[in-house]
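User: I am new to this structure. Please walk me through it in short steps.

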Amino acid sequence: MLGKDFIAGFICLWFFLTRHPCRIVTTSAKDQHLSVLWGEIGQFVHTSRHPLVYPDGPLVVNHQDIRKVVDGDRCPKSYLRGMVASSDSIAAMQGHHIANVGDGIPRTLFVADECSSVPDEYYTMASTWMNRALLFGNPWPCTNFFYRSVKGNPATNDPGGDVLREGKPGYLRRVLKICAEDSPNVRLGIIQESRGEEPTDEVLIPGVKGYAEYKKNLRMWDPIQQCVSLKAEFYEGDEVKLFPQEHLELAFERADELERLYGLDRRGKNLGVDTAEGGDSTVITVGDSLGFIRSFSRKTADTSVIEDDVIRVMREYGISAERVLFDRGGGGKQIADRMRRNGYNVRTVGFGESAIPEKRRGVVRLDQQKLEQEVRYAYINRRAEMYSLLSDAINPVNGTVYGIPRRMIDLVNQLRPIPRLYDKEGRLWLPPKNKPPGSDRSTVKTMQEMIGRSPDDADSAVLCYFGQVRSIHRPKAGAVL
């Protein structure tokens with residue numbers, strides 16, 4: 001929210017119009033990111049005080065492709081082009097040279113958005129023809145050219161950062177860090193607060209991060225997100241846990257408080273079932289809106305006993321079938337199907353599925369559409385979403401802490417080691433539960449390797465809490481949606 005694409009769009013168009021011939025290639029890891037940059041380019045083209053689109057102007061504009069008309073003829077050499085950075089398009093990154101005529105005017109430009117996700121090969125190939133490069137994005141964890149340009153490369157003795165030209169003014173490389181506090185809107189709020197005034201959250205520059213949003217980020221974001229998205233720095237601190245010990249301690253205290261108030265006879269509201277085959281443990285977790293109540297675990301070499309166990313716990317705690325969630329894996333789907341045939345309309349969740357709300361009948365309200373979009377871009381999959389929701393529930397900044405009884409020691413031991421990780425697009429992700437068949441043992445460290453055992457209790461618990469916050473939707477006749 002600091003105008004990177006806005007400024008980059010202007011630079012692309014200015015560079016293309018002020019020299020001839022000229023070639024510009026823009027890229028990003030995904031088409032949706034590239035579309036943001038090209039949306040800004042298109043806005044500048046169509047709102048220019050002087051007409052730019054042919055025949056009134058010099059530009060022939062198509063989808064992510066702009067050509068130039070010079071003296072009434074279309075220039076065969078000049079173009080401004082968009083290209084998604086993928087394995088299928090790497091070869092197309094070569095051969096965009098413009099002959100050097102000795103006038104010192106740069107005529108080729110390489111522009112990369114969300115650079116933490118752009119492969120090294122793209123930069124390597126572009127460096128053979130580009131006279132200038134504009135590389136920008138959020139400094140999410142990466143090891144590619146973007147990181148090395150800022151932090152250095154020991155293999156080449158490149159210290160990173162600014163590199164001055166030799167014998168003349170200017171830079172071979174200039175690194176600019178645009179922080180949240182560089183926003184005029186944020187700076188105004190900081191000044192007002194320092195004077196003892198009530199911040200007005202006035203918008204000096206539309207579209208740029210405001211003070212209220214900045215304060216919300218300071219309160220709600222974890223250290224990695226603040227480091228990356230507010231300070232414009234690569235995070236290099238100690239590993240941040242998804243379930244910090246201080247938050248777990250608060251969850252224990254909350255559970256102790258609930259037991260003093262209500263004893264151990266609380267009625268349950270939701271039930272999460274992580275089924276297991278081959279002698280592993282099936283875990284059933286009971287919870288309500290205040291915290292977890294109890295978990296049941298036993299070896300289930302014979303999975304036919306799981307259905308009876310679930311029904312027994314449902315009846316004991318007064319939980320309806322619609323509030324019972326099964327992990328689809330490990331035989332969970334088959335058991336859920338059998339229960340449905342017997343009249344228990346339980347639900348199933350796929351840990352690896354996309355993190356979008358369940359499909360529902362009827363019209364979806366605008367606020368619900370916004371939620372679905374935010375969820376889709378916040379988590380890499382459903383597993384990450386469910387674990388993150390429980391992590392948020394024991395974070396005191398979000399309100400009353402969700403209770404976790406101390407006696408659920410297996411659950412606590414499985415939650416403690418889990419790191420908070422983000423992919424190159426800023427989405428929360430978790431390591432896989434197990435190694436895929438045939439995978440290299442030296443690649444990603446799995447949940448089972450980190451914890452020392454299968455995270456059955458943790459999976460059951462996040463299913464239980466997920467059923468609490470993502471309750472089933474029941475449209476009513478005559479309801480206004």
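The questions below take up the sheet, then the aromatic rings, then charges over rings.

User: In what order do the strands of the open sheet lie?

Analyst: A caution to begin with: this is a predicted model. The open sheet is formed by 6 strands, and their pairing is mixed. The order is E2-E3-E4-E1-E5-E6.

User: Which are the edge strands?

Analyst: An edge strand here pairs on one side only. Two strands fit that, one spanning 59-62 and the other 132-135. They are E2 and E6.

User: How do E2 and strand E3 run, and which residue in E3 is the bridge partner of Asn62?

Analyst: E2 and E3 (residues 65-70) are joined by 4 bridges. The two strands run antiparallel. Asn62 has its bridge partner in E3, namely Asp65.

User: Which helix packs on the sheet, and what angle does its direction make with that of E4?

Analyst: The helix is H2, residues 31-47. Helix H2 touches E1 (23-28), E2, E3, E4 (73-84) and E5 (108-112). Its direction and that of E4 make an angle of about 140°.

User: How many aromatic pairs are there, and which residues do ring pairs link into a cluster?

Analyst: Rings pair if their centres lie within 6.5 Å. By this rule there are 12 aromatic pairs. Ring pairs also build a cluster, made of Phe6, Phe10 and Phe44.

User: Why is the pair of Phe146 and Phe234 edge-to-face?

Analyst: The ring centres of Phe146 and Phe234 are 5.9 Å apart, and the planes stand at 70°. Planes over 60 degrees apart count in this class. So the pair of Phe146 and Phe234 is edge-to-face.

User: Where do Phe146 and Phe234 lie, and how many residues apart are they?

Analyst: Phe146 is in helix H4 (residues 145-151). Phe234 is in the loop between helix H7 (223-229) and helix H8 (245-262). Both Phe146 and Phe234 are buried. The pair links distant parts of the chain, 88 residues apart.

User: What kind of aromatic pair do Tyr211 and Tyr214 form, and are they buried or exposed?

Analyst: Tyr211 and Tyr214 are 3 residues apart in helix H6 (residues 211-220), so about one helical turn separates them. Their rings lie 6.2 Å centre to centre, with 35° between the planes. That pair is tilted. As for exposure, both Tyr211 and Tyr214 are buried.

User: Over which rings do Arg174 and Arg312 lie?

Analyst: The charged end of Arg174 is 4.7 Å from the centre of the ring it sits over, that of Tyr171. Arg312 is 5.7 Å from a ring centre, over the face of Phe296. The rings are those of Tyr171 and Phe296.

Key
Residues are numbered from 1 along each chain as its sequence is written. This is a predicted model: local features need pLDDT of at least 70, side-chain atom pairs count only at pLDDT 80 or more; totals for chains, interfaces and linings use all residues. Side-chain values use heavy atoms; hydrogens and water are left out. Two strands pair if DSSP finds at least two bridges between them. Contact means heavy atoms within 4.5 Å. Axes are lines fitted to C-alpha atoms, for helices over the stretch in contact, and angles run from 0 to 180 degrees between N-to-C directions. Rings of Phe, Tyr and Trp (its six-membered ring) pair if their centres lie within 6.5 Å; planes under 30 degrees apart count as stacked, over 60 as edge-to-face and the rest as tilted. Buried means under 20% relative accessible area, exposed over 50%, partly exposed in between (1.4 Å probe, protein chains only). A charge sits over a ring if NZ of Lys or CZ of Arg is within 6 Å of the ring centre and within 35 degrees of the ring normal.
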